[in-house]
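Reader: I'd like to walk through this model with you, one question at a time. Could you start with whatever I need to follow the first count?

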Amino acid sequence: MAQITFITGGQRSGKSSFAQKSAEENSDAPVYLATAHIWDEDFHNRVKRHQSDRGEQWQTIEEEIEISKHDLAGKTVMLDCITLWLTNIFYQNNNDVDASLEIAKREWDKFINQDMTLFVVSNELGMGVHPENEIARKFADLQGWMNQYIAKSANEVILMVSGIPVQIKGISNDD
């Protein structure tokens, strides 16, 4: 079973930087599991920035949906990020929240059934502006429910606030 550190927070809160540093401290050869689908030029530039932040010691695996199909046993893995992974699932399932949540939970359970050290990055969408349209509200619900599901399986949960990690769950304060 995976040892999971779940790192969540708002946009530009320092989640990816914290996860990257943590993975690098844990391994000389970490794996970056990228879930992004490149939708436009702006997003392409964001991906390039993330890639340039990583050193040559990183192995990158790009996987938009089937994260469990990769054998990562014995590795240190940074999954970046749950929000993009859920976007891909949500889009593939015609914005059906229930179907998307079921698929995501099933895939997550298969994925974490490997002996690996896992740093997972996600977003706290529900802490920001209330979405203005129905699809965005549905996705924010999906994200919140999946974050709860992942946090339950995590050994440690970190909330990033303005670049500062705040431990929510861990050895010293498990619920």
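Author: Happy to! A salt bridge here is a side-chain nitrogen of Lys or Arg within 4 Å of a carboxyl oxygen of Asp or Glu. Please keep in mind that this is a predicted model.

Reader: By this rule, how many salt bridges does the count come to?

Author: Side chains of opposite charge can pair when their charged atoms come close. One of the pairs is E63 with K69, whose closest N and O atoms are 3.5 Å apart. With the rule applied, the count comes to 5 salt bridges.

Reader: In the pair of E63 and K69, which residue is exposed?

Author: Exposed means a relative accessible area over 50%, and buried means under 20%. E63 has 10% relative accessibility, so E63 counts as buried. The relative accessible area of its partner is 55%, so the exposed residue is K69.

Reader: K21 and E25 also meet in a salt bridge; how many residues apart are they in helix α1?

Author: Their side chains meet with N to O at 3.1 Å, and K21 is exposed, as is E25. Both sit in helix α1, residues 15–26, and are separated by about one helical turn because their spacing in the helix is 4 residues.

Reader: And E107 with K110: which helix holds that pair?

Author: The closest N and O atoms of E107 and K110 are 3.7 Å apart, and the two form a salt bridge. E107 counts as buried, at 9% relative accessibility. The two residues are 3 apart, about one helical turn, in a helix that spans residues 97–111: helix α4.

Reader: Staying in α4, is S100 buried or exposed?

Author: S100 lies in helix α4 and touches I89, F90, N93 and L142, leaving aside residues up to four places away in sequence. L86 is 14 residues from S100 in sequence, and their C-alpha atoms are 7.7 Å apart in space. The relative accessible area of S100 is 0%, so S100 is buried.

Reader: Let's go to the sheet. Which strands stand at its edges?

Author: The sheet is open and has 7 strands in the order β3-β2-β4-β5-β1-β6-β7, with mixed pairing. An edge strand has a single partner, so one side of it is left without a neighbour in the sheet; the two such strands are β3 (59–62) and β7 (164–169).

Reader: What does the twist average from one strand to the next?

Author: The order to follow is β3-β2-β4-β5-β1-β6-β7. Going from one strand to the next along it, the twist averages 20°.

Reader: Which residue is the bridge partner of V31 in β3?

Author: Strand β2, residues 31–34, pairs with β3 in the parallel sense over 4 bridges. The bridge partner of V31 in β3 is Q59.

Reader: How do the helices lie on this sheet: at about what angle does α1 run to β5?

Author: For comparison, helix α5 (residues 134–153) lies across β1, β6 and β7, and runs at about 145° to β1. Helix α1 lies across β1, β4, β5, β6 and β7, and its angle to β5 is about 170°.

Reader: Why are the buried residues of α1 on the same side of the helix?

Author: The helix has 12 residues and reaches 17 Å from its first C-alpha to its last, close to the 16 Å expected. Its buried residues are K15, S16, A19, Q20, S22 and A23. They are on the same side of α1 because they cover an arc of only 165° around the axis. The face turned away from that buried side carries the exposed residues S17, K21 and E25.

Reader: Now the backbone: which residues are joined by a cis peptide bond?

Author: Most residues other than glycine have a negative phi, and most peptide bonds are trans. One bond here has an omega of about 0°, and C81, in the loop between β4 and α3, takes part in it. The cis peptide bond joins D80 and C81.

Reader: Last one: where is S162 found?

Author: S162 has a positive phi of about 50° although it is not a glycine. R12 also has a positive phi, of about 60°, and its place is in the loop between β1 and α1. S162 is exposed, with a relative accessible area of 69%, and is found in the loop between β6 and β7.

Technical notes:
Residues are numbered from 1 along each chain as its sequence is written. This is a predicted model: local features need pLDDT of at least 70, side-chain atom pairs count only at pLDDT 80 or more; totals for chains, interfaces and linings use all residues. Side-chain values use heavy atoms; hydrogens and water are left out. Buried means under 20% relative accessible area, exposed over 50%, partly exposed in between (1.4 Å probe, protein chains only). Contact means heavy atoms within 4.5 Å. Two strands pair if DSSP finds at least two bridges between them. Axes are lines fitted to C-alpha atoms, for helices over the stretch in contact, and angles run from 0 to 180 degrees between N-to-C directions. The expected span of a helix is 1.5 Å times one less than its number of residues. The arc is that of the directions from the helix axis to the C-beta atoms.
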